[in-house]
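Trainee: Could you take a close look at one charged side chain in this model and then show me how the other charged pairs compare? I'd love a connected walk through it.

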Amino acid sequence: MKILVVGSLLCAVLYLAEGEAFAKEYALENVNGIDFSDEEIEQLFSLAFTEDEILNMTEDEWNQNKNLEGFETVEVEQYLKITETVPEGFEETILSIETGDPETEESSLIQRKLQTSIDSVIETEIELISKEEFERESLSGSEYQVSANPTKSTSYKKMTTSITSLGNKKYRVKNNITWTKMPSMRMTDVNAVSIRSSDVRPVGGEYGKQTWKYKVTPRTHYKTGSAEYKSSSNKWKYQASGYSLKQNLKNDYKDRLSQQSYQVVELNLYMYYTIQQDGKASYIDAYGGYAHRTNPANASIGISTGGLSLSVTPSGYFSHHPTTHAALKVR
């Protein structure tokens with residue numbers, strides 16, 4: 001059973017047999033060659049995986065989840081419109097940054113043009129919008145482009161925070177971010193879920209992933225790619241009040257040999273981990289947090305999930321998107 005709460009409207013919608021409907025409607029072709037049965041697809045839906053996440057699931061992630069079952073899930077969705085003012089000269093900095101492996105933080109920031117804008121920060125305005133506005137605005141028009149100085153660019157993001165009951169007083173908390181129009185800067189962002197540590201405690205089971213979709217030109221076609229963040233990754237920050245994950249957003253690039261340009265047109269980021277109920281709480285609470293980098297200067301990132309929210313330093317280098325709150329009643 002899945003209960004969905006959209007934005008701040010607190011409208012509850014009950015979805016039944018979602019996995020079964022998906023299995024019957026689609027000829028599922030997992031990009032990594034995994035042949036899921038209808039029952040396995042239903043099981044993954046019960047664990048709050050989306051269609052795209054199932055289609056892009058790796059063998060490692062499947063092995064981590066194949067013996068689990070979700071008994072009840074509550075989700076809170078938030079739709080955001082982000083308007084950024086890019087300072088004069090800053091677009092050259094953005095175009096000069098090349099991104100390699102998303103696991104490699106700040107992989108190639110030592111660029112000559114970078115120094116001209118190192119103190120410039122992208123000014124950000126964040127607006128909470130409805131699902132209808134998000135679908136109408138974010139799924140139409142062209143993808144992100146850098147234009148004249150100074151310029152305003154608009155990006156769109158959906159954030160979903162969920163709690164899934166796994167039985168035996170264990171729960172999975174998850175935060176999912178989907179950018180449908182790209183932000184001006186794509187560097188290291190922080191994705192996190194905080195919990196009430198007096199009621200529950202983290203017990204592992206952590207996993208994160210980034211999946212991107214490229215538009216390839218001049219012979220236009222689309223390609224996808226992904227990066228995993230397993231428990232062995234040094235991008236995790238572990239605290240009693242929750243786990244957070246640094247994810248270096250995939251950037252555009254041009255292949256020097258083929259002269260093909262790769263433009264990222266969609267990004268999906270998610271992270272999850274398991275918590276154990278220790279106290280006698282009536283509800284399990286999860287607080288989704290996301291911090292987006294707006295300054296290219298090299299800096300050591302500090303992360304704290306205390307106070308049921310996400311705090312990232314240097315604070316002036318990030319825009320903090322509104323915290324989501326999911327609550328699952330203990331049965």
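**A buried lysine and the charged pairs**

Mentor: Happy to! Let's begin with Lys209, which is buried yet has no salt bridge; Glu61, the nearest side chain of opposite charge, is 4.5 Å away. A salt bridge here needs a side-chain nitrogen of Lys or Arg within 4 Å of a carboxyl oxygen of Asp or Glu, so a separation of 4.5 Å does not qualify. Please keep in mind throughout that this is a predicted model.

Where does Lys209 lie? It belongs to strand E9, which covers residues 207-217. Its side chain does have a polar partner: one of its polar atoms lies 2.2 Å from the backbone oxygen of Asn56. Asn56 also appears among the residues that Lys209 touches, once those up to four places away in sequence are set aside. Beside Asn56, that list holds Met57, Thr58 and Glu61, then Ser226, Ala227 and Tyr229, then Gln247, and finally Asn268, Leu269 and Tyr270. Glu61 is therefore a contact of Lys209, although the two form no salt bridge.

Now for the charged pairs that do meet the rule. The count of salt bridges comes to eight, and three of them deserve a visit.

One joins Arg331 to Glu72, with the closest N and O atoms 2.7 Å apart. Arg331 sits in the segment after strand E18 (318-329) and Glu72 in strand E3 (residues 72-86), so this pair ties together parts that are 259 residues apart in sequence. The two partners have contrasting surroundings: Arg331 is exposed, with a relative accessible area of 71%, whereas Glu72 has 7% and counts as buried.

Another salt bridge involves E3 as well. Lys81 and Glu137 meet through their side chains at 3.6 Å, N to O. Lys81 is in E3 and Glu137 in helix H6 (residues 131-138), 56 residues apart, so the pair links distant parts of the chain. Glu137 is partly exposed, with a relative accessible area of 22%; that value is not under 20%, so Glu137 does not count as buried.

For a third pair, turn to Arg186 and Asp252, whose side chains meet at 3.0 Å, N to O. Both residues are in loops: Arg186 lies between strand E6 (170-181) and strand E7 (188-195), and Asp252 between strand E12 (242-248) and strand E13 (253-254), so the contact ties together parts that are 66 residues apart in sequence. At 4% relative accessibility Arg186 counts as buried, while Asp252 is partly exposed at 25%. Set beside Lys209, Arg186 makes a useful contrast: Arg186 is buried and has a salt bridge, whereas Lys209 is buried and has none.

Since E3 carries a partner in two of these pairs, with Glu72 in one and Lys81 in the other, let's see what surrounds this strand. Of its 15 residues, 13 are buried, so E3 is largely enclosed by the rest of the structure. It pairs with strand E5 (residues 151-167) in the antiparallel sense over 15 bridges, and Glu84 stands opposite Ser153 of E5. It also runs antiparallel to strand E4 (residues 123-129), with seven bridges joining them; there Thr85 stands opposite Glu123.

How do these pairs fit with the chain as a whole? The chain has six helices and 18 strands, and 51% of its 331 residues are buried. Among contacts between residues at least 6 apart in sequence, 75% join residues at least 24 apart. The chain exposes about 15300 Å², of which carbon and sulfur atoms supply 47%.

An uncharged residue gives one more view of such long-range contacts. Gly289 is in strand E15 (residues 283-293) and counts as buried at 5% relative accessibility. Its contacts, leaving aside neighbours within four places in sequence, are Asn175, Val190, Asn191, Ala192 and Leu310. The C-alpha atoms of Gly289 and Leu310 are separated by 5.5 Å, although these residues are 21 apart along the chain.

So, back to where we started: Lys209 is buried without a salt bridge, but a polar atom of its side chain lies 2.2 Å from the backbone oxygen of Asn56.

Notes:
Residues are numbered from 1 along each chain as its sequence is written. This is a predicted model: local features need pLDDT of at least 70, side-chain atom pairs count only at pLDDT 80 or more; totals for chains, interfaces and linings use all residues. Side-chain values use heavy atoms; hydrogens and water are left out. Helices (H or I, at least four residues) and strands (E, at least two) are DSSP runs, numbered from the N terminus. Buried means under 20% relative accessible area, exposed over 50%, partly exposed in between (1.4 Å probe, protein chains only). Contact means heavy atoms within 4.5 Å. Two strands pair if DSSP finds at least two bridges between them. Lys and Arg count as positive and Asp and Glu as negative; His and the chain ends are not counted. A polar contact is a pair of N or O atoms within 3.5 Å; within protein, one must be able to donate a hydrogen and the other to accept it, and residues adjacent in sequence count only if both atoms are side-chain atoms. Accessible areas come from the Shrake-Rupley method with a 1.4 Å probe; for residues, only the protein chains shown count as cover.
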